[in-house]
Each structure stands twice: as C-alpha cells, then as structure tokens.
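Okay, everyone, thanks for coming. I'd like to walk you through one protein and how I've been reading it. Let me put it up on the screen.

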Amino acid sequence: MSVPTSLDVTQARPRLRELTVVDVRTPGEFASGHLPNALNVPLDRLVRSLPELRPAADRGPLLIVCASGARSDSAVRTLSSHGIPASSLAGGTEAWAAGGHALEYPGGGARPRAVWAMERQVRLAAGSLVLLGLLLGLLLHPAFSLLSAAIGGGLVFSALTGTCGMAVVLGRLAFNRRGAGVRP
C-alpha cells in the first residue's frame, strides 16, 4: 500500500484515529504540547526505536510530527530507508495549533512553560558562540576568531548533510529531557 510522504492538517485530522502519531521532538518540546495520543520518539533515538515502530506501522499508517515539519520530513526519509512507510505532518504542531486544533499536555494538565523549538535553540547557541568568538578575538587574541569560523563551518555542514550536531548536543540538556512522553 502506498503511503503519502506528507499530509497537511486538513488531511490528517479526519484520519487521526487510524494513524499512529509519532512526535520526533525532544521530550521538553513534546511536553510543551503535542497532538492527541502522540508517542514521543525523539529524532536522535529514531533508529534505536525501529523495533518498536515496525509493528506500529504494520497495524496502521504512521504520522510523524515535529514543530514545523523539517525534522519529521527527515524522520520519514529515515524510516523509509528502513522499509517503514510513514507520512510527515506538513507544518507540524505549529500548523495543527494554527488550524484551531487542541494540543495535549503530559498528565492532561494545563499548558506548562513552553520549551523553545530545537531550531530556535540552535540559532541562539550558534549566534552566541559566533559573537563570543568575535568578541574574544577582538579583546584577547585573534585566534579566538576561529571559534566563529568553526561554528560557521558546522552550520554549512549541517545544511549540506541535513544533520545537526548542535541539535543533538542541545537535545541532551536537562530542560530538553524533562517531561518525556510515552514511547511505542
């Protein structure tokens, strides 16, 4: 059976009961609001979770979700390369919420303090390190400017390969691990 690689909110919402929703954001992001009945399998743990995801995909279609759709597109490609068909939610939880659809929170409680999306955390960390390298290079020693060059090189590498080492590192921080959701 052919599975579309992407579904928009209007296509996914009526099918939500038949879909297994897998949210690939960090547990902290997941705790800040997710689609109803979503399972949390962070992108950096996706390959390790293949044994659990394969039977879920056999039971019905997988819908992969992130904040904006970028990480879920990557997850769909990864799953496809391992023979697991899945669809990405175009626009992610941002599009879901913008469409007026409710998000769930761990424990069914009120909305917790929001955790920044991983893309925003990476921009803050990269920008801060570039500025730090430039400042230290001007004030202490020009060799500190190499920090800025290294971050710039890392960003270019990230764009070319579709990976992000900084996101992996930031995903391991405590505030991105709190409120971990259910795994399949």
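So, this is a predicted model, and the mean pLDDT of the protein is 87. Of its residues, 90% reach 70 or more. If you go element by element, strand 4, residues 62-65, has the highest mean pLDDT, at 97, and helix 9, residues 174-177, has the lowest, at 74. Then there's residues 180-184, where the pLDDT is below 50. That stretch does have twelve contacts in the model beyond near neighbours in sequence. Still, where pLDDT is low, the predicted coordinates should not be read in detail.

Okay, on to some single residues. Ser-49 sits in the loop between strand 3 (39-40) and helix 3 (50-59). Is Ser-49 buried or exposed? Buried: its relative accessible area is 0%. And its side chain has a polar atom 3.0 Å from the backbone oxygen of Arg-45.

Now, cysteines. How many disulfides does a search of the whole structure find? Zero. Let me mention two cysteines anyway. Cys-66 is buried, with a relative accessible area of 0%, while Cys-164 counts as partly exposed, at 23%.

Cys-66 comes up again with Thr-93, over in helix 5, residues 92-98. Thr-93 has 7% relative accessibility, so it counts as buried, the cut-off being under 20%. What is it touching? Skipping neighbours within four places in sequence, Thr-93 is in contact with Cys-66, and on either side of that cysteine with Val-65 and Ala-67. The rest of the list is Asp-23, Arg-25, Gly-33, Leu-35 and Leu-103.

How values were computed
Residues are numbered from 1 along each chain as its sequence is written. This is a predicted model: local features need pLDDT of at least 70, side-chain atom pairs count only at pLDDT 80 or more; totals for chains, interfaces and linings use all residues. Side-chain values use heavy atoms; hydrogens and water are left out. pLDDT is the predictor's confidence in each residue, from 0 to 100. Helices (H or I, at least four residues) and strands (E, at least two) are DSSP runs, numbered from the N terminus. Contact means heavy atoms within 4.5 Å. Buried means under 20% relative accessible area, exposed over 50%, partly exposed in between (1.4 Å probe, protein chains only). A polar contact is a pair of N or O atoms within 3.5 Å; within protein, one must be able to donate a hydrogen and the other to accept it, and residues adjacent in sequence count only if both atoms are side-chain atoms. A disulfide is a pair of cysteine sulfur atoms within 2.5 Å.
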